[in-house]
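Please open the structure in your viewer and keep the sequence beside it, since this tour moves from one selection to the next.

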Amino acid sequence: MSVDQKPLLTPSTTTSNPFTKELSDPMPDGSIFKRCGCRDTHTGKPLGNHCPKLRRANRAWSSDHGHWHYQLELPLTPEGRRRQLRRGGFDTRANAATELDQARALLALAKRDRNRRVDIGDMLQHVARTRRPLPDPDDIRHRLRAGGPLTDAPTVAQHLTTWLTGLQIDENTTRGYESHVHKHLIPHLGDIPLDKLRPRHIKDMFAAIEARNTEIETARTSPDPAIRATVRGIRPCGPATRQRIRGTLRKAINDALAEEIIAGVTNPATLVKTPGDRPHPIIWEPERVDHWKTTSQIPGPVMVWTDELLARFLDHAAEHDPDLHPLYHFMAYRGARRGEACGLRDSEVRLTKQEVTINNQIAVHGHTTRQKAPKSKAGNRDLTLDADTTAILTTYRARRAAQRLQAGTAWPDTGLFFVRPNGHPWHPNLVTNRFRKLIHRAELPPIRLHDLRHGAATIALDAGIDIKVVSEQLGHTTTTLTRDTYQSVTKELHHNAADAVAERIKKKRHKSA
């Protein structure tokens, strides 16, 4: 259902219904017609009302193909532009005719008052954009007499539900938005009119989420197994998720403001600070490893190995999982994401020049995979390889060529660099599962596969590499994210600062002596 500016089709006579009594003045007739979702097999463009299946041989409308639509000329805008109300999806012609007469009855309420006709036209446009039912003419008549606004803002739940259906973005991003909307935003904020939403409502939501987190943690540590069972498989809502929830709400309200669904308000989501900060990586220092071996306690959600621990892992992987060792080495040394490594194109690996280009990834939706471009412009990037990585990837490519020769015509042409011994792509979840098993068998302190990326950044920063270079290597849009995430784990500058302070104090003490 939408507002359009296409020429009117042949008018159709509307059926008798309760709204015809409002039509005392001459009004646009409007038109009723059928459309379908079929597309041209050559161009892929929608056929609309030109689909040959919509009409029978005698040119009568088909009863089993397409849906009924109507369109109606609205009053000109204050700037003099034409506009039309177009709505569809009706199962019968009678239903389309009834709503068309309702729209005409609403316009008739203004009688000869041009300003009011424009106001009612604005209201009908608003209703069409928000995909809401047309209001009752009696209700609008009362509003006209009172001189008040003709439309109510939708509730947060109504707007978010409509907003989700109109998104044309990456599938994973849409899934994230849907999760935030249905699990958090609608349950906590759904009944509030969108134009009445205030920062205090959002703060109350985050307070309730934090209270639920506390309940989950308390139940997890309960001595009663029945209580522990009530939260089995339930994860607390962490700081990063809370930030994303606020980001989803901010985006939805910004879109409402841009589409004039609400007006004259400040986006309240921009005025709320999300509780909690992004967790920073923590290094598995020897003392922390000893404590973990004794207690099994992990210091934080994001852990990175030292150089020595990483070397132990790669040696273990080379011996016990040689098929995946080159991929793990590439991630650990160059900071590629899991999907980027699995989706690395063979044509983008230039070993003679010691460089690769990241311009593809394998994304996971549930267990289904799909190749797509990196999400941001910064994610499309060139990476320079060191001599060790180049040697390992060269050896891998030669081994892969031998496997391909042995497989013959059974070898699939995926176009990917890292593939399984049978030539098929690596499923990212399988790469993660084998990584966990290798860590367990090597008796190394646990990290996530994604933490290899954090480790690459940490090692680079500790080596004194400029933060802009590291940010570009990771595919970050700005250096701010890189600095906020990793600066706390780099130590050389902090040690230098501590030594400088100590040396200054030492000189002062010698002088006073």
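Helices here are DSSP runs of H or I with at least four residues, numbered from the N terminus. With that in mind, and remembering that this is a predicted model, begin by selecting Arg114, which belongs to helix α2, the run of residues 114-129. Leaving aside residues up to four places away in sequence, Arg114 touches Leu76 and Thr77. If you then add Pro78 to the selection, you will find its C-alpha atom 9.9 Å from that of Arg114, although the two residues are 36 apart along the chain.

Stay with helix α2 and move to Asp122, whose side chain meets that of Arg83 in a salt bridge, with 2.7 Å from N to O. This pair links distant parts of the chain, because Asp122 lies in helix α2 while Arg83 lies in the loop between β3 and β4, 39 residues apart. Are the two partners buried or exposed? Asp122 has 33% relative accessibility and therefore counts as partly exposed, whereas Arg83, at 1%, counts as buried.

Next, select strand β2, residues 31-35, which is mostly covered, with four of its five residues buried. Strand β3, residues 67-73, runs antiparallel to β2, and five bridges join the two strands. To see one position across this pairing, select Lys34, which stands opposite Trp68 in β3. While you look along the strands, it may help to recall that in a regular strand the side chains alternate between the two faces of the sheet.

Now turn to salt bridges more widely, of which a search of the whole structure finds 22. One of the places to visit is helix α8, residues 239-258, where Asp255 and Lys251 lie four residues apart, about one turn of the helix. Their salt bridge has its closest N and O atoms 3.4 Å apart. Asp255 is buried, with a relative accessible area of 18%, whereas Lys251 is partly exposed, with a relative accessible area of 35%.

Which residues form a salt bridge in helix α16? Select residues 467-474 to show this helix, and within it Glu472 and Lys468, which are four residues apart, about one turn of the helix. The side chains of Glu472 and Lys468 meet at 3.3 Å, N to O. Glu472 counts as partly exposed at 44% relative accessibility, and Lys468 likewise counts as partly exposed, at 47%. After this pair, select Asp29, Asp101 and Arg104 together, which are joined into one network by salt bridges that share partners.

The last stops concern aromatic rings, and the search of the whole structure finds 13 aromatic pairs. Select Phe417 and Phe418, an edge-to-face pair with 4.9 Å from centre to centre and 80° between the planes. Phe417 counts as buried at 0% relative accessibility, and Phe418 is also buried, with a relative accessible area of 1%. From there, select Trp305, Phe313, Tyr328 and Phe435, which ring pairs link into a cluster.

Finish the tour at Trp61, and turn the view until you can see the face of its ring, over which Arg55 lies at 3.7 Å from the ring centre.

Key
Residues are numbered from 1 along each chain as its sequence is written. This is a predicted model: local features need pLDDT of at least 70, side-chain atom pairs count only at pLDDT 80 or more; totals for chains, interfaces and linings use all residues. Side-chain values use heavy atoms; hydrogens and water are left out. Buried means under 20% relative accessible area, exposed over 50%, partly exposed in between (1.4 Å probe, protein chains only). Two strands pair if DSSP finds at least two bridges between them. Contact means heavy atoms within 4.5 Å. A salt bridge is a side-chain nitrogen of Lys or Arg within 4 Å of a carboxyl oxygen of Asp or Glu. Rings of Phe, Tyr and Trp (its six-membered ring) pair if their centres lie within 6.5 Å; planes under 30 degrees apart count as stacked, over 60 as edge-to-face and the rest as tilted. A charge sits over a ring if NZ of Lys or CZ of Arg is within 6 Å of the ring centre and within 35 degrees of the ring normal.
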